[in-house]
Amino acid sequence: MSNLRRFEDFTSERKETSPHPDHEKLLSVTGGLGVLPQEETGRKDTSSEDKSKYKLVFPGDVVYNTMRLWQGVVGYSRHKGIVSPAYTVLKVNADIVDPIYLYYAMKSPEMISTFHAYSKGLCDDTNNCKYSTLANIPINVPKAKVQLSIIETLRALDDQILNHQELISKNETFLLGLRDELTLNPQKKRDWKSVPLGLLFSNSKTKGIRDVPMGSVTMHDGLVLRNEVDRKVESELKDEDHLYVEKGNLAYNMMRMWQGVVGFADRDYLVSPAYVVLKPKKNVCGQFFYYQFRTQKLIRFFHRFSIGVTDDRLRLYFDDFEKIKTECPSFEYQTEVCKIIEDEQSKVQKMKEKLVALSFIKNGVASDLLNGRVKIGNSI
């Protein structure tokens, strides 16, 4: 039988501040990795210079973002330090609840749904769950032995997920190195020619065609269907007011080409007239140059040839794009490289699909164990 208890039965809110906040380690709560030193999160430090109101955190505390608990932004701390006043720090009575068990329980889908229901605010953007509200929320608290068994089970699953994430990261790094090696001619092979991009691509201004889907060029995924991107774009333009991107063409954002915002069309698209559409000329494989355009070497060229007073005003017009020189191998080599890169991308994609499956399994197991629907001995 599950044992429901209220948070106030085993937690209290830690409100202490440090007399010497500048000597304390600044901590941050991440959505997936819990409480980390801010310098290890990879985020920009946006903390206030005056940290006199920052709250102390001790090892074993559970910390959550008061306005984002309903999104599962909660972590267990192994560190002593301070956090922004925007966080709520829980001092946990470990005689009743293991803090790591509590962390897992607060991350479960059922509890996140409960936190959402209890959070107060006019809309999701202003929702908050202060300790005075949290204190009265019920949560399943099994016996200590069961808590430890659940922790061991979920940690083992977390280790599998972490190992798989590291494997994906290594393969993505390898893929980037392979892309650069195969598209930039680092060995200075003689059968490569240095040519201006205007000899490889023409500026296609073909008007849009009805019933062709709208596309959008993204930083990481290139050219994708607009309805798959989390962007609200309201336009009164008709289809024929857009540009037509034929399968095999490229499209780039004039204002962000210096950041590598370019896409390859794996199907026909319509795009905003603010884009430039590149049509490959004879014996030019658009996909090969899409890979090449994403390298830092070419991105630096695009930055250099873009025109504008500041970076946020830079534009790379086709008249300037076509003057940039790049290395061009034979058409046969271009297509061969595309096949090699596609095969490696496919391997990484399968790894990501496995990661999704592992996360799904972990969430299901966690939900069953933390809510007492499955006894630990029968869980896996």
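This briefing looks at one helix, α5, and at the helix and the sheet beside which it sits in the structure above. Keep in mind that the model is predicted. Helix α5 covers residues 286-293 and meets helix α8, residues 331-370. Helix α5 also lies across the strands β12, β16, β17 and β19.

**Where the two helices meet**

- The axes of α5 and α8 come within 8 Å, and they cross at roughly 65 degrees.
- If you rotate the model to view this crossing, you can check its hand: α5 passes α8 in a left-handed crossing.
- On the α5 side, the residues to find are Gln287, Phe288, Phe289 and Tyr291.
- Their counterparts in α8 are Tyr333, Gln334, Val337, Cys338, Ile341, Glu342 and Gln345.
- Sorted by class, this contact of α5 with α8 has seven nonpolar, three polar and one charged residues.

**The four-stranded sheet**

- Four strands form an open sheet in the order β12-β19-β16-β17, and their pairing is antiparallel.
- At the edges are β12 (201-204) and β17 (262-264), each of which pairs on one side only.
- From one strand to the next, the twist averages 30 degrees.

**A closer look at one strand pair**

- Strand β12 pairs with β19 (residues 275-280) in the antiparallel sense, over four bridges.
- To see one of these strands linked to the other, start at Ser202: its bridge partner in β19 is Lys279.

**How the helix lies on the sheet**

- Helix α5 runs at about 155 degrees to β17 as it lies across the strands.
- Another strand that α5 lies across is β16 (250-253).

Note on methods: Residues numbered from 1 in each chain as written. Predicted model: local features only at pLDDT ≥ 70, side-chain atom pairs only at ≥ 80, totals over all residues. Heavy atoms only, no water. Axes fitted to C-alpha atoms, helices over the stretch in contact; angles between N-to-C directions. Left-handed = near helix turned anticlockwise from the far one by under 90°. Contact = heavy atoms within 4.5 Å. Nonpolar A, V, L, I, M, F, W, Y, C, P; charged D, E, K, R; others polar. Pairing = 2+ DSSP bridges.
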